[in-house]
Amino acid sequence: MTRGFYIGRFQPYHNGHHRMVDRIASEVDELVLGIGSAGDSHSRHDPFTAGERIMMITKSLVDYDLVTYAVPIEDLDRNSVWVSHVQSMSPDFDVAYSNNPLVIRLFNEAGVEVRQSPMFNREELEGTEVRERMIDDGDWESLVPEPVADVIHESNGIERVQQVSETDANGVQ
Ligand SMILES: Nc1ncnc2c1ncn2[C@@H]1O[C@H](COP(=O)(O)OP(=O)(O)OP(=O)(O)O)[C@@H](O)[C@H]1O
Ligand SMILES: NC(=O)c1ccc[n+]([C@@H]2O[C@H](COP(=O)(O)O)[C@@H](O)[C@H]2O)c1
């Protein structure tokens with residue numbers, strides 16, 4: 001039995017994340033999705049709450065033949081103990097998945113095996129691109145699994161992203 005751990009901010013969970021999970025699913029029996037920066041929401045960089053991100057992930061993975069757990073992980077000011085913090089919040093795992101150089105370094109230093117994946121269609125499948133399209137009333141829905149679009153509409157997410165991204169009269173965010 002192998003359990004994996006995949007950490008990301010998932011702001012929002014998009015088709016690039018989904019393709020990575022698809023690939024991970026062929027290597028593990030169970031997967032923990034760590035929802036990073038869990039305390040952050042209502043900003044241009046991090047518009048969605050941990051709860052909304054849990055819904056996006058849970059509904060997108062419902063048809064997978066894989067036991068999944070979504071676990072919110074708040075940020076710490078101390079990188080050197082971050083892996084212990086993650087381990088204290090998550091079910092035990094055998095291997096971590098990430099393409100983020102800091103995350104890879106911290107897990108490796110703590111003796112945890114890390115596997116990377118190729119970046120899938122990174123010109124479009126990037127959280128920043130999805131959020132920019134939301135702000136510009138562009139086609140963001142084709143970049144996310146259908147249940148993610150439903151969760152975002154249900155929580156009036158587009159109106160929120162647009163409003164928190166506005167600058168005030170002085171150009172300050
Ligand atoms: N298109 C993609 N293909 C494969 N892996 C991806 C893709 N997009 C993101 N990832 C990986 O998924 C993990 C979580 O990514 P994250 O939630 O930061 O998304 P992002 O698209 O990089 O978002 P943002 O633009 O908001 O920083 C990281 O390891 C990241 O490298
Ligand atoms: N010291 C810390 O709190 C610390 C260190 C490394 C990564 N993280 C978090 O892990 C997540 C990594 O995900 P991304 O690959 O999506 O950036 C982010 O939420 C990031 O803030 C936190």
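Here is a short chat about ligand 1 and the predicted model around it.

Modeller: Before we start, this is a predicted model in which local features need pLDDT of at least 70, side-chain atom pairs count only at pLDDT 80 or more, and totals for chains, interfaces and linings use all residues. Residues are numbered from 1 along each chain as written, chains are lettered from A and ligands numbered from 1 in written order, and side-chain values use heavy atoms, without hydrogens and water.

Biologist: Happy with that! How many residues surround ligand 1?

Modeller: A residue counts if one of its heavy atoms lies within 4 Å of the ligand. The closest include Tyr-6 and Arg-122. The shell holds 8 nonpolar, 9 polar and 4 charged residues, with Gly counted as polar. The number surrounding ligand 1 is 21.

Biologist: Which residue offers a backbone N or O atom to an oxygen atom of ligand 1?

Modeller: Polar contacts here are pairs of N or O atoms within 3.5 Å. Arg-9 uses a polar side-chain atom at 3.0 Å, and Arg-131 a side-chain N or O atom at 2.7 Å. The backbone contact, at 2.7 Å, comes from Gly-127.

Biologist: What share of the accessible area of ligand 1 does the protein cover?

Modeller: Areas come from the Shrake-Rupley method with a 1.4 Å probe. On its own, ligand 1 has 600 Å² of accessible area, and the protein covers 89%.

Biologist: Which helices each supply at least two residues of the shell?

Modeller: Helices are DSSP runs (H or I, at least four residues), and strands are E runs of at least two. Strand E1 (3–8) supplies at least two shell residues. So do helices H1 (15–25) and H5 (127–135).

Conventions: Polar contact = N/O pair within 3.5 Å; in protein donor to acceptor, adjacent residues only side chain to side chain.
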